[in-house]
Amino acid sequence: MASELRRIKTKVFERELEIETGGIAKQAHGAVLARFEGTAVLATVVAAKEKTEGEDFLPLTVNYQEKAYAAGRIPGGYFKREGRPSEKEILTSRLIDRPIRPLIPKDFTFETQIIVTVLSADQDNDPDVLSVTAASAALLVSDVPFDGPAAAVRVGRINGEFVCNPTRGELEKSEMDIVVAGTKEAIVMVEGGANEAPEQDIVEALLFAHRCIQEFIKPQEDLVSGLNIEKREVPKLVEDPFLAERLVSFTKERLREAIRVSSKIERREKIQEILRETVDTLAAEFPESKNQTLRLFDALKKELVREMVIHEKRRIDGRGYTDIRAISGEVGFLPRTHGSALFTRGETQVAVMTTLGTTYDEQRIDALEGELTKRFMLHYNFPPFCVGEIGNRLGPGRREIGHGALAEGALLSVIPPKEKFPYTVRVVSDVLESNGSSSMATVCGGSLSLMDAGVPIKAHVGGIAMGLIKEDDKYVILSDILGDEDQLGDMDFKVAGTLSGVTALQMDIKVKGITREILSTALKQAYEGRVFVIGKMNEMISEPRAEISSYAPRILTIQVKPEKIKDVIGPGGRVIKKIIEATGVDINIDESGKVNIASTSKEACDKAAEMVKEIVQEIEVGKVYLGTVKRILDFGAIVELFHNADGLVHISELAPTRVRKVSDIVREGDEILVKCIGVENDGKIRLSRKEALGERIEDYRK
């Protein structure tokens, strides 16, 4: 790490960017304090000095952490301190990891940790994209070999114009929210969503983002310019040419045939059998060569798959480049869930369930911006049995949270607003079988499940994963990739959307030189695949069910004047508690006067609604009411019409003839019909019994 204080200050898109090193956290191997306006993050890098025995991969961990003090807040909860990572922190850790990891040499096998801490949050500029830039700069000033710099920006579009790093206020008006990370030469990662944006607009957004990234690359170059930073040497693995030659001759043809097996399980078993035989055979000829044999075997496997695709124009399972695997499924296959769907594409299968709830079921999030709520949630589960493995289940991992967030973003744009559909919606995807892009299968199954639950989504959302095999100037784009095609290929590009446009996308690129042509071709091919997939989905269910499940809560919404809210609630909540006790419903009232009444019983909802309406109803002059005599006075009777509405029947209005004593006509507790004959300026209500004598009391009983 640089020992001298170095600070670069510049303006980027009319906002101040400052990157500093050598001033704080000097015992870390690399540390950078980055500020963008009022948001500041500290990125630190530490790499172990000794290799862990037996490791032949990059053991990198990235941890992003938000401190409540950064926004001038004290954490919620009992302990009043930061605890386990929030979903936002986990997603941002992944956001930093994905563009940074490919830029550290794979042969650098020293355990490495990057920690990014949010020290200040100005509520306008999200720390997530700044954290990628800070992590890159910290790696540059450290002794860790790094093929950077890299940076990330967020792209929005407002009134047809692209905006780099829009503020939170601007994002609320934006048609898209896409984070793009890249180096000076190329885009390496994309993550985000849009409101059914056309494919060409997505291409333009990504190219705009790459131009913006350059503005965050240059300050990093200036930071390290002139600094004497010694990078660790990456020991080059010396392969035994005789071992490599022997492995190819012993393995190649059998491995080629095993790769051609279309069934994932059978293919995996055959490859594992060949691997075991290869390791055992070569170990006898080349002692202590197991790790080298494993690396050579994986390299040969990758070479054969890519050769098959590029030169033989044949994929592992025999499909053409644009072919989609067989699709099947059904909706409503579970009897007691509010909505359910089983979606199968090839050897990937998901069961997706939808549950409807009330406002009380909304997720409450203690975030830097304050307490937030979510009324649409999607949770993705990837149990080990779905790939035929055994594993510990200790809660969702980072991958599950990331895939769930991607699928949630894909469906969010078609979820109706709260004003139209006042339910909290939870979608759960359980992956039952996986061989490529279970997250996109989750999008498809989620769309089917939502329609089965009667959620009035405006259109089906389909998802598909695209791959890339690139050799020199030749490239092939693959639709609906398998797990092996993802692992051995050069790009994993997940695209979800409706027939009208893209709603979410995620792209990880392993090679440089992704051109406009490649992006445009991939998105066009993804659209064609999406049309096919949605066509199959429409065969299962083509529009939302007219009625929600009988097991789901009914929500009845009525509007009251805001000044009447206090009457519905009552002193100490006594009135609303009385309604809930009498009907068994749940009631939620917002500050605008919208009253949501929820129950699985329509009759209970209707009864509660009538009670609320009675409380908030206002007196109408000329209308007849059935009231109860509450008090007898010398000059008349006080009659209660409804909640908090009493009126006076003057003695002269009790009967058409002269009345000597009020008690001669009415007594306390009597039910009588009265007509409202006036309301004074002070709100006092004048009633008349004699004006209502022609009415039948039975007609006014409820």
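These are my notebook entries on a few places I looked up in this structure, which is a predicted model.

**Entry: the cores**

I began with the nonpolar cores. The largest one has 134 residues. Inside this core, Ile202 and Phe343 have the most contacts. I then asked which helix gives the largest share of the core. It is helix H4, residues 199–224, with twelve residues. Another core lies apart from this one and has 20 residues. Leu247, Ala258, Phe286 and Leu296 are among them.

**Entry: H2 against H4**

Next I looked at how H4 packs with a neighbour. I noted beforehand that two packed helices are described by the angle between their axes and the distance between the axes. The axes of helix H2 (residues 127–141) and H4 come within 10 Å. They cross at roughly 25°. Angles under 35 degrees count as roughly parallel, so I put H2 down as roughly parallel to H4. The crossing is right-handed.

Which residues make the contact? From H2 I listed Thr133, Ser136, Ala137, Leu140 and Val141. From H4 I listed Phe216, Gln220, Leu223 and Val224. Sorted by kind, the contact of H2 with H4 has six nonpolar residues, three polar and no charged.

**Entry: H8 against H9**

I turned to a second helix pair. Helix H8 covers residues 398–412, and helix H9 covers residues 438–452. Their axes are 9 Å apart, at an angle of about 45°. That angle makes H8 oblique to H9. I recorded this crossing as right-handed.

On the H8 side, the contact is made by Arg399, His403, Leu406, Ala407, Ala410 and Leu411. The H9 side includes Ser438, Met440, Val443 and Leu450. The residues of this contact divide into seven nonpolar, six polar and one charged.

**Entry: backbone oddities**

I checked the backbone for unusual angles. Most residues other than glycine have a negative phi, and most peptide bonds are trans. Where did I find a cis peptide bond? One joins Gly148 and Pro149, with omega at about 5°. Pro149 sits in the loop between H2 and strand S7 (150–158).

I also noted two residues with positive phi. Asn159 has a phi near 55° and is not a glycine. I found Asn159 in the loop between S7 and strand S8 (161–164). Is Asn159 buried or exposed? Its relative accessibility is 72%, so Asn159 counts as exposed.

Glu196 has a positive phi of about 55°. Glu196 belongs to strand S10, residues 187–197. The cut-off for buried is under 20%; Glu196 is at 17%, so I marked Glu196 as buried.

**Entry: Thr358**

I looked up Thr358 in the loop between strand S13 (348–357) and strand S14 (363–367). Thr358 counts as buried because its relative accessibility is 9%. What does Thr358 touch beyond residues up to four places away in sequence? I wrote down Thr424, Pro553, Ile555 and Ala598.

**Entry: Val639**

My last stop was Val639, in strand S26 (residues 636–642). Its relative accessible area is 0%, so Val639 is buried. I left aside neighbours within four places in sequence and listed its contacts. Gly627, Thr628 and Val629 are among them. So are Ala645, Asp646, Gly647 and Val649. Ile672 and Leu687 are on the list too.

I also took one distance across the chain. Val639 and Thr322 are 317 residues apart along the chain. Their C-alpha atoms are separated by 79 Å.

Note on methods: Residues numbered from 1 in each chain as written. Predicted model: local features only at pLDDT ≥ 70, side-chain atom pairs only at ≥ 80, totals over all residues. Heavy atoms only, no water. Helix = DSSP H or I, 4+ residues; strand = E, 2+ residues; numbered from the N terminus. Buried < 20%, exposed > 50% of the residue type's maximum accessible area, 1.4 Å probe, protein only. Contact = heavy atoms within 4.5 Å. Core = buried A, V, L, I, M, F, W, Y, C linked by side-chain atoms within 4.5 Å. Axes fitted to C-alpha atoms, helices over the stretch in contact; angles between N-to-C directions. Parallel < 35°, antiparallel > 145°, perpendicular 65-115°, else oblique. Left-handed = near helix turned anticlockwise from the far one by under 90°. Nonpolar A, V, L, I, M, F, W, Y, C, P; charged D, E, K, R; others polar.
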